[in-house]
Amino acid sequence: MMNQQQSLQGILSIAAIICMAVGWFNLFSPEINELLSRKVFYVLIGASFFVQAPLLSNKNFMYGMYAAAALCVIGAFLPADSKLSMLKTIGLLGGIIISFTNRPRRS
């Protein structure tokens with residue numbers, strides 16, 4: 001079960017990176033590029049964080065990861081000119097920090 005979750009989390013993360021790259025390189029119309037890089041990217045990252053959350057060893061980090069996932073997804077659906085649209089970036093940064101903080105330490 002854990003390997004399936006890790007595989008799904010990896011697939012979601014790679015799909016999100018592809019969406020971001022498509023937006024950066026303007027491979028499609030401006031509307032499609034914006035949709036992929038500013039909406040679909042954050043939804044996929046949020047889904048990735050949601051799948052990763054139960055895999056975290058510290059329960060406090062797990063709840064934080066769920067919160068980061070929610071911020072990414074909710075922020076993706078807010079209008080770009082809204083002051084609350086920064087929630088998606090806060091969720092992204094929070095999820096990344098939690099991911100790196102929860103990594104096992106090598107001795």
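Begin by selecting Trp-24, which sits in helix H1 of this predicted model. With a relative accessible area of 60%, Trp-24 is exposed, because the threshold for that class is over 50%. Extend the selection to Phe-25, Leu-27, Phe-28, Ile-32 and Leu-35, and you will have the residues that form, together with Trp-24, a nonpolar patch on the surface, whose accessible area comes to about 700 Å² in total. Colouring by element is useful at this point, since H1 and H2 each supply at least two residues of the nonpolar patch.

Next, select Asn-26, which is placed in the loop between H1 and H2. Asn-26 counts as exposed, at 55% relative accessibility. Its backbone deserves a look as well, for the phi of Asn-26 is near 50°, a positive value in a residue other than glycine. Most residues other than glycine have a negative phi.

Now turn from the surface to the interior and display the largest nonpolar core, which holds 21 residues; those touching the most other members are Phe-41, Ile-45, Phe-49, Met-65 and Leu-92. Two or more residues of this core come from each of helix H1 (2-25), helix H2 (30-52), helix H3 (59-76) and helix H4 (87-101). Of these elements, H2 gives the most to the core, contributing seven residues.

From the core, centre the view on Met-65 and show its surroundings. Leaving out residues up to four places away in sequence, Met-65 touches Phe-49, Gln-52, Ala-53, Leu-56, Gly-95, Ile-98 and Ser-99.

One of those partners, Gln-52, is a good next stop, and its place is in helix H2. Is Gln-52 buried or exposed? Gln-52 counts as buried, because its relative accessibility of 12% falls under the 20% limit. When neighbours within four places in sequence are set aside, Gln-52 is in contact with Gln-9, Met-65 and Ser-99.

Finally, step back and colour the segments that UniProt lists, in an unreviewed entry, under "transmembrane region", namely residues 6-28, 40-57 and 63-80. Across residues 6-28, the end C-alpha atoms lie 31 Å apart, and the span is 87% helix and 0% strand. For residues 63-80, the corresponding end C-alpha atoms lie 27 Å apart, with 78% of the span in helix and 0% in strand.

How values were computed:
Residues numbered from 1 in each chain as written. Predicted model: local features only at pLDDT ≥ 70, side-chain atom pairs only at ≥ 80, totals over all residues. Heavy atoms only, no water. Core = buried A, V, L, I, M, F, W, Y, C linked by side-chain atoms within 4.5 Å. Buried < 20%, exposed > 50% of the residue type's maximum accessible area, 1.4 Å probe, protein only. Helix = DSSP H or I, 4+ residues; strand = E, 2+ residues; numbered from the N terminus. Contact = heavy atoms within 4.5 Å. Patch = residues over 30% accessible without salt bridge, like charges linked within 9 Å, V, L, I, M, F, W, Y side chains within 5 Å. Areas by Shrake-Rupley, 256 points an atom, 1.4 Å probe, with all protein chains shown as cover. Salt bridge = Lys/Arg side-chain N within 4 Å of Asp/Glu carboxyl O. UniProt positions renumbered as here; feature names shortened; annotations may be inferred.
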